[in-house]
Number of protein chains: 4
Amino acid sequence: MATPVRRLRLGMVGGGRDAFIGSVHRHASWIEDRYELSAGALSSTPEKAKASGRDLGLPDARNYGSWQEMLEGELRLPRDERIDAVSIVTPNHLHFPVAKAFVEAGFHVICDKPLVHTSAQADELASLVEKAGTVFAVTYNYTGYPMVKQARHMVRSGAIGTIRKVIVEYNQDWLSTKLEDQGAKQAEWRTDPARSGIAGAVGDIGSHAENLVSTITGLEITELCADVTAMVPGRELDDDASILVRYRGGAKGIMLASQICAGEENAFRLRIYGDTGSLTWHQEDPNYLRYKVIGQPEQVLKRANAYLCEAARRAGTIPPGHPGGFLEAFANVYKGAALAIHAAEGGPAIDPDDPDYPTIADGVRGVRFIETVIASGRSTQKWTLFPSRG
Amino acid sequence: MATPVRRLRLGMVGGGRDAFIGSVHRHASWIEDRYELSAGALSSTPEKAKASGRDLGLPDARNYGSWQEMLEGELRLPRDERIDAVSIVTPNHLHFPVAKAFVEAGFHVICDKPLVHTSAQADELASLVEKAGTVFAVTYNYTGYPMVKQARHMVRSGAIGTIRKVIVEYNQDWLSTKLEDQGAKQAEWRTDPARSGIAGAVGDIGSHAENLVSTITGLEITELCADVTAMVPGRELDDDASILVRYRGGAKGIMLASQICAGEENAFRLRIYGDTGSLTWHQEDPNYLRYKVIGQPEQVLKRANAYLCEAARRAGTIPPGHPGGFLEAFANVYKGAALAIHAAEGGPAIDPDDPDYPTIADGVRGVRFIETVIASGRSTQKWTLFPSRG
Amino acid sequence: MATPVRRLRLGMVGGGRDAFIGSVHRHASWIEDRYELSAGALSSTPEKAKASGRDLGLPDARNYGSWQEMLEGELRLPRDERIDAVSIVTPNHLHFPVAKAFVEAGFHVICDKPLVHTSAQADELASLVEKAGTVFAVTYNYTGYPMVKQARHMVRSGAIGTIRKVIVEYNQDWLSTKLEDQGAKQAEWRTDPARSGIAGAVGDIGSHAENLVSTITGLEITELCADVTAMVPGRELDDDASILVRYRGGAKGIMLASQICAGEENAFRLRIYGDTGSLTWHQEDPNYLRYKVIGQPEQVLKRANAYLCEAARRAGTIPPGHPGGFLEAFANVYKGAALAIHAAEGGPAIDPDDPDYPTIADGVRGVRFIETVIASGRSTQKWTLFPSRG
Amino acid sequence: MATPVRRLRLGMVGGGRDAFIGSVHRHASWIEDRYELSAGALSSTPEKAKASGRDLGLPDARNYGSWQEMLEGELRLPRDERIDAVSIVTPNHLHFPVAKAFVEAGFHVICDKPLVHTSAQADELASLVEKAGTVFAVTYNYTGYPMVKQARHMVRSGAIGTIRKVIVEYNQDWLSTKLEDQGAKQAEWRTDPARSGIAGAVGDIGSHAENLVSTITGLEITELCADVTAMVPGRELDDDASILVRYRGGAKGIMLASQICAGEENAFRLRIYGDTGSLTWHQEDPNYLRYKVIGQPEQVLKRANAYLCEAARRAGTIPPGHPGGFLEAFANVYKGAALAIHAAEGGPAIDPDDPDYPTIADGVRGVRFIETVIASGRSTQKWTLFPSRG
């Protein structure tokens, strides 16, 4: 008989009024009723933080004015009342200090991507996590789609043979104009090196592209060649990048990340070509996976069917033809993290080799990717090596 | 400043272990964190009811063995502890007694469709609801999609002119074989007249088709001509129906509902042709609304864009390109009901002429539709009149 | 070694300046260089006929002022100079007298659809053709698409099991307004009973729908129930029809034909559901055939691939990915007729049971279909029997 | 009144039995009945040439054993009997000698792409054409699609603003295996440097990609960075290339050309992003042009509609919804060349600035493109300059 599972107590840093991604994280955590929002420091401005917490019905005692207060406050509570995990949904520059402090204090962490600003920070954080033995999930949310899990399964079980070519693109248009000068909060911090880091589009969405390819194929980048551009006059960080990629073993790839592709909403597409077949997936049409084998009719695999692999089926349980979407995928990351947290706390074990959520290793590799792309963009050399972990 | 809104206390009748739709209702209620599951009578078998409640973490005291116990138990609690509303997610034959009892006791109700078995029951229930002044929502969940709301707005504001033709189809394949003989619970009760009522596919999905057309266009059926079939040998209720429809004012239509269309998952499509333009929507690809005006390029309207009407934008707040899905739409029905319940309890008023959730009037009309189609199927007359409400 | 095949000498009746379909027939005949245009009576107005012939470079001697002159003129020429076949591309009312005269004179005929105005005419013509032993092709051109031939092959070889349901629709919008009052020749004659016959949309495009279903499935209609409408005020003939169909053996169907569906161009779609699988084809996207088997991924079969049946491969020889279109399909009808004509003249035989072009039998059945639909439209009885041939 | 136009007399070099593209050229020339095949030297093997000519019904006297014989033979005929133009549809290495000889003899030429092996040859040929004043068309056939002409019109009239990014891809899979070792003629010569030139996929299909972008946008490449690969072991020429492109004025681009993309048939896609809107076109779905403007619903423009530009309407005259295809587009190139030839021979003038067919200037630029990509592929420098014409 199934044991009733308690809802995990979640604290959130960032994600107050007007923030887009904080609300997504909350909805994602609620879909399966696996978490309750128990505490928050929802803005870097104490007044706004508290007002945001009141909107969400947080009790005053745990509606904190800053993440430092939250850390202190929660540590003062008995273990079975304090938050189990913290969600970090702030602009990028705060990921490192907040994550470091909570990991060191023994909390599980769910952190938005990209992980941190530099690979030095990333390595330090990874060491701390290893030492603490806590769960650290990075919300590369697109890996939560059932058909992404199916693609991973198929590639890894040889359905398309040896990979020869990977084409991944993530195109949007929301930064086609200089939105950051028009009072748009999202645009402001994402185009500001102090908060966003060394990269704009490359960090925000290029990192998703890198992660999706890696998650599905396991391919390792050996070197790359990038043309990185700030198309909108006066913008400091890149809003467009085109990258030639070479993978260990001879496969080649293209990665495109752009936020100035007029008319594109969230066009994240992946094509993987092996020597016997190929797979195509498109985030805006996420319930389908197109599978072509040379000389055979194209196949369209669809969400929630019995012919899918177990991980895909687990990730989408509402019957075929009832479309899943962005929230379902995001919720699957939260669900994967919840299972890992329960396991860490003595619940049923999960497969350590296939944790079914993006881990800190994904986060660390993502930071290296960003650094390498930006370096290549500035280089006159054709190929820039992708560093193995130090 | 936004007032924190309390989570409504929800009781659920039906929806225990192995039930499909109960789980959907729960997820839908959780997405926006507007409800908490406070009580349940989750199965008609007391042991299974209780086991299901334990799975979900219901407290023993409110994990009831039957809906009658739940009604009594909740009425014994003080008003500010007892459930605000009950969700009825049982097979059809229980809708009437459960809904009647809870409405008479003053509870708000969220009831699955079709509303009840007969129009006599429907009329009686409607009178009770009117007398009680409570909220009664019927989960015609497809009306919750943002692009359905947009279609409604466009049709009603004249974007396609005067309607001439409506083609609506809802095709599935899950009853292509005699699944009801193979231990499938869903199939068992849906093909059993005692539990499902006089109709099979016509009641289960034909009623959605009728409701979607009515919600979007406001057209009234005057007469119809149906060919109703049980294609699978030995099945008692229909699994396929094709219906010619005539609407007040001269528009004509086709309604198809089938559960034996091999290869179809949940193919619910609508096309509405006016004298100047047309709209097309497909439930399996729900984030797009195709709009054609004679002599102009086709337009594709997409979820969450600023050019949509207010109701559509409110129903899908995650940015463009982040696909919404079945759960989001279902959650919007729960959200609409929640707003209505808060309004009924003294919260902010909602527009009584446009309540943004399907009401008991939709439920009543749906039952008449089912009865008329089945009657026409048995008639040798070409046209069967659609009765106005008595 | 292949014997060089001579180009057939073609005469054309109708299809002069401003006519749409005459030009299509000529292009279709030229694509494979199997015909040359040797004579013409291209309009019912002698001056326009001759001017049209001069446009096309017809020699004066064979640029006739009327079809009667053409018949006489050609019969005066020696056999090896006179036309082999005549294409009849006039408005419908002229099909019968012209076809009758040329068949009786021993010419092969390629005639546009619908064949003639009445089933009495159709039967008479069929008898004459049988007596003459000549080739008589009816340009149900959509049967010429490679993927239609593939669908026929698959249905007939059991790929979808026993057919249960057929949905065929042919929707256009070009008669959404009263175009016939605005000097549009096509619209004028197609809406005029004297020239078009008893039916409008039902004759023009409904007949294509009937023919496509019959060609692919071989199903025989036993009875039908039609709602036939002239939606545009003041129009005499139908511009919209919705038809419930029953086939011998228990399959059921829907046929829609409309010329007032705003925004539709030439939306001719077919879905065939068997008890194990289904096929979907859409004329506006003609190079794909979607094949679904219950419980398996959808398959998309594509033109010109080696996995297709022989007839499909023969009908589309340009490699995969090089889209075929309307002209290619039309040309395949002309090619089928050319092969039959060469066979009739002593060339290589063709399979008499599978002639690979629409024959007079298709034409005759099409006329019966039109008559039955119109009769049903006027009837208060639910079902109107489809007559077997007299 | 329209003057009857005589059919041009066409000679063909190459394109005999088993050749793919020769047959396409012939069909394309026949569609509008503007050409007749009057002479041929259809293979480099005299016996095969003559057998092929007999298949096509060429008279013995003009069914030549070699192109040299054809040149001599035709020159011996009186002017009004000899061919007007020669189609060169041989493997690439013969383009130069044949084209040179026929141009010098005063014939019009229609030559397959890529034009010749080297830019020295290209420049020499261009000079000869200029001196001769004859028509020289290069069959970049994809420019013949109506919606390509519409895209060109829209880009040039500012519909998408200033171009920022161009993504063009041409992916196939027919060389995924070492087909050249299995007796496939096409594969043999296309992978053989002696016949194909320095490039494989880059020359065969990359050149189409370059030409399409140039035709539609007018953008000039200033420098590029290519990763050029022979993926199939043992193959000498490239079968895969990924190219970063920079255009004069700051736009950036990606060009992909691959013949090892498993499951792709002829996937030639173009996306052009301006600062206000974008256009998308896909060769396998050629009758649609997708047009997005920031903040507005996507528009889908469709072939043959009155809202298209004149060149697009001229290129597709069969009504909307009747799909055009590969042959129609190819025929439009032949039609454009025919109009130019008639103009050169004293017929109605054409617009010299917009000749509506690909000229020798396109051919010359294409050869430079191939040379630059191959040079970049071998370079360790990031950017290789694209040479302006010498």
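Domain bounds in this predicted model come from an automatic or database domain assignment. For chain A, that assignment gives domain 1, covering residues 8-141, and domain 2, made up of residues 144-318 together with residues 363-378. The centres of domain 1 and domain 2 of chain A, taken over C-alpha atoms, are separated by 26 Å. The contact between these two domains draws on 18 residues from domain 1 of chain A and 19 residues from domain 2 of chain A. On the side of domain 1 of chain A that touches domain 2 of chain A, the largest share, four residues, is contributed by helix H5 of chain A, which spans residues 119-132. By residue class, this side of domain 1 of chain A comprises nine nonpolar, six polar and three charged residues.

Within chain B, an open sheet of five strands is found, in which the strand order is S2-S1-S3-S4-S5 and the pairing is parallel. The edges of this sheet are formed by strand S2 (35-41) and strand S5 (136-138) of chain B, each of which has a single partner strand, so that one side of each is left without a neighbour in the sheet. Neighbouring strands of the sheet are turned against each other by 20 degrees on average, when direction is ignored. Strand S3 (residues 85-88) and strand S4 (residues 108-111) of chain B run parallel and are joined by four bridges; Ser87(B) has Ile110(B), in S4(B), as its bridge partner.

Two helices of chain B are placed against these strands. Helix H1 of chain B, residues 20-31, lies across strand S1 (8-13), S2 and S3 of chain B, and runs at about 155 degrees to S2(B). Helix H3 of chain B, residues 67-76, packs on the sheet and touches S1 and S2 of chain B, its direction making about 125 degrees with that of S2(B).

The relations between chains were examined by superposition. A turn of 180 degrees, with a shift of 0.0 Å along the axis, lays chain D on chain B with an RMSD of 0.0 Å. The two copies are thus related as by a two-fold rotation axis. Among the residues of chain D, Gln299(D) comes closest to this rotation axis, its C-alpha lying at 2.2 Å.

The contact between chain D and chain B takes nine residues from each of the two chains, and the side of chain D that touches chain B divides into five nonpolar residues, three polar residues and one charged residue. Because 100% of the interface residues of chain D are also interface residues in chain B, the copies meet through the same surface. Strand S13 (residues 298-302) of chain B and strand S13 (residues 298-302) of chain D run antiparallel and are joined by three bridges, with Gln299(B) standing opposite Gln299(D) in S13(D). Gln299(D) is thus both the residue of chain D that comes closest to the axis relating chain D to chain B and the residue opposite Gln299(B).

Chain D is also superposed on chain A, with an RMSD of 0.0 Å, by a rotation of 180 degrees with 0.0 Å of shift along its axis. For this pair, the C-alpha of chain D nearest the axis is that of Lys382(D), at 2.0 Å from it. Here too the same surface serves both copies, as 100% of the contact residues of chain D recur in chain A.

Note on methods:
Residues numbered from 1 in each chain as written. Chains lettered and ligands numbered in written order. Predicted model: local features only at pLDDT ≥ 70, side-chain atom pairs only at ≥ 80, totals over all residues. Least-squares fit on C-alpha atoms with pLDDT ≥ 70 in both. Contact = placed C-beta atoms within 7 Å. Nonpolar A, V, L, I, M, F, W, Y, C, P; charged D, E, K, R; others polar. Pairing = 2+ DSSP bridges. Axes fitted to C-alpha atoms, helices over the stretch in contact; angles between N-to-C directions.
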